[in-house]
Amino acid sequence: MSDHTPGATPASDGPVFLKGHGTENDFVIVPDPDGVLDLGPAQVARLCDRRAGIGGDGLLRVVRSAAHPEAAALAGDAEWFMDYRNADGSVAEMCGNGVRVFARYLVHAGHAKPGDLAVATRAGVRRAHVAEDGPDGRPGDVTVDMGRAVLPGPESVEVSVGGRRWPARNVNMGNPHAVAFVEDLGHAGDLLTAPSVAPDGAYPDGVNVEFVVDRGPAHVAMRVHERGSGETRSCGTGACAVAVAVARRDGADPAVTGRSATCTVDVPGGRLVITEHPDGRVEMTGPAVIVAEGVILSDWLATTA
């Protein structure tokens, strides 16, 4: 690969890509500052394909807010827009791990410095804090203000896998979640297909389903089926939804108690720490790492409709 500034497109061939992950929820990152790339669903799905493409749970297109029609109104609050796509090419409102990786990329590319920064998403502006790297060079954690959880009706839905059924808490973190507390994470099955959710019509645009077991006080583990991606190693908004559901189940709603509630959430890819404050703000802290850079060959990309 030719020398280039991170995030710049080399003259030799197609667009630059990077690969990053947050607790092993991995993403293809495509810098497109001026919003000139037209990546259709089929191209995104091919890029995210783990055998025929680069591979990822989703794609993060990095666009200046002013250059994207969905984010132009947010340009005064956040210079950069996270155009997030699921692995099947469908558009999603938000991705919590994706925001952390996106913020890490902005620092990696020199678009921002460690510290506080803002990211525009389809669910609104998210504030992030990128900690300084450690003395050993290990990237610092990234904390994201995920906004406020909404608990829309119906408060409880039902999730089923095979012959098992569980009540689930309906939580929206900018995208929809159904949180089910189970006795064993293995009861979720292989999660290759989406769990059934009732009543019909509760989630007209699909839903992310979290299966949760207790590990200790304010400490849980989860598996998740993300709409459009299948089971992933981690889901940031899902971990936030789980923490909110745990607080409500345990009678620790910060709006009622006046005290922040912190929950440790173990995911297959690592650990996230979620804090809900009395004003409703939910903060998520965890790692985010850039692992590779490369170039997408134009001829290959052009062969996908």
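Reader: What follows helix 3, and what is the sign of its phi?

Author: In this predicted model, helix 3 is followed by Gly251, whose phi is positive, near 70°.

Reader: How do you know that the reach of helix 3 is close to the expected one?

Author: Helix 3 covers residues 236-249, which is 14 residues, and reaches 20 Å from its first C-alpha to its last. The expected span is 1.5 Å times one less than the number of residues, and for helix 3 the expected value is 20 Å. The reach is therefore close to expectation.

Reader: What makes helix 3 mostly covered?

Author: Of the 14 residues in helix 3, 13 are buried. A residue is called buried when its relative accessible area is under 20%.

Reader: How do you know that helix 2 is mostly covered, and which of its residues are buried?

Author: In helix 2, 12 of the 13 residues are buried. Among them are Val99, Val101, Phe102, Tyr105, Leu106 and Val107. The buried set also includes Arg100 and Arg104.

Reader: What is the reach of helix 2, and what follows the helix?

Author: Helix 2, residues 96-108, reaches 19 Å from first C-alpha to last, close to the expected 18 Å. Helix 2 is followed by Gly110, where phi is positive, near 85°.

Reader: Why is Leu191 called buried?

Author: Its relative accessible area is 2%. The cut-off for buried is under 20%, so Leu191 qualifies. Leu191 belongs to the loop between strand 10 (176-181) and strand 11.

Reader: What makes the phi of Leu191 worth a remark?

Author: Phi of Leu191 is near 55°, a positive value in a residue other than glycine. Most residues other than glycine have a negative phi.

Reader: Which class of exposure does Ala218 fall into, and why?

Author: Ala218 has a relative accessible area of 35%. Partly exposed lies between the cut-offs of 20% and 50%, so Ala218 is partly exposed. Ala218 sits in the loop between strand 12 and strand 13 (219-226), and its phi is also positive, near 50°.

Reader: Why is Gly124 called partly exposed?

Author: Gly124 has a relative accessible area of 21%. Buried would require a value under 20%, so Gly124 is partly exposed. Gly124 is placed in strand 6, residues 124-130.

Reader: Which residues does Gly124 touch, not counting those up to four places away in sequence?

Author: Gly124 touches Leu74 and Val119. Its C-alpha is separated by 10.0 Å from that of Asp77, 47 residues apart along the chain.

Reader: What makes the peptide bond from Ala198 to Pro199 cis?

Author: The bond from Ala198 to Pro199 has omega near 5° and is cis. Most peptide bonds are trans. Pro199 lies in the loop between strand 11 (196-198) and strand 12 (208-216).

Reader: How many helices and strands does the chain have, and why is the chain called as compact as a globular protein of its length?

Author: The chain has five helices and 18 strands. Its radius of gyration is 19 Å, close to the 19 Å that the globule rule gives for 305 residues, so the chain is as compact as a globular protein of that length. Its C-alpha atoms fill a box of roughly 55 × 40 × 40 Å along the principal axes.

Reader: What share of the chain is buried, and what share of its contacts join residues at least 24 apart?

Author: Buried residues make up 52% of the 305 residues. Among contacts between residues at least 6 apart in sequence, 61% join residues at least 24 apart.

How values were computed: Residues are numbered from 1 along each chain as its sequence is written. This is a predicted model: local features need pLDDT of at least 70, side-chain atom pairs count only at pLDDT 80 or more; totals for chains, interfaces and linings use all residues. Side-chain values use heavy atoms; hydrogens and water are left out. Helices (H or I, at least four residues) and strands (E, at least two) are DSSP runs, numbered from the N terminus. Buried means under 20% relative accessible area, exposed over 50%, partly exposed in between (1.4 Å probe, protein chains only). The radius of gyration is taken over C-alpha atoms; the globule rule is 2.2 Å times the number of residues to the power 0.38. Contact means heavy atoms within 4.5 Å.
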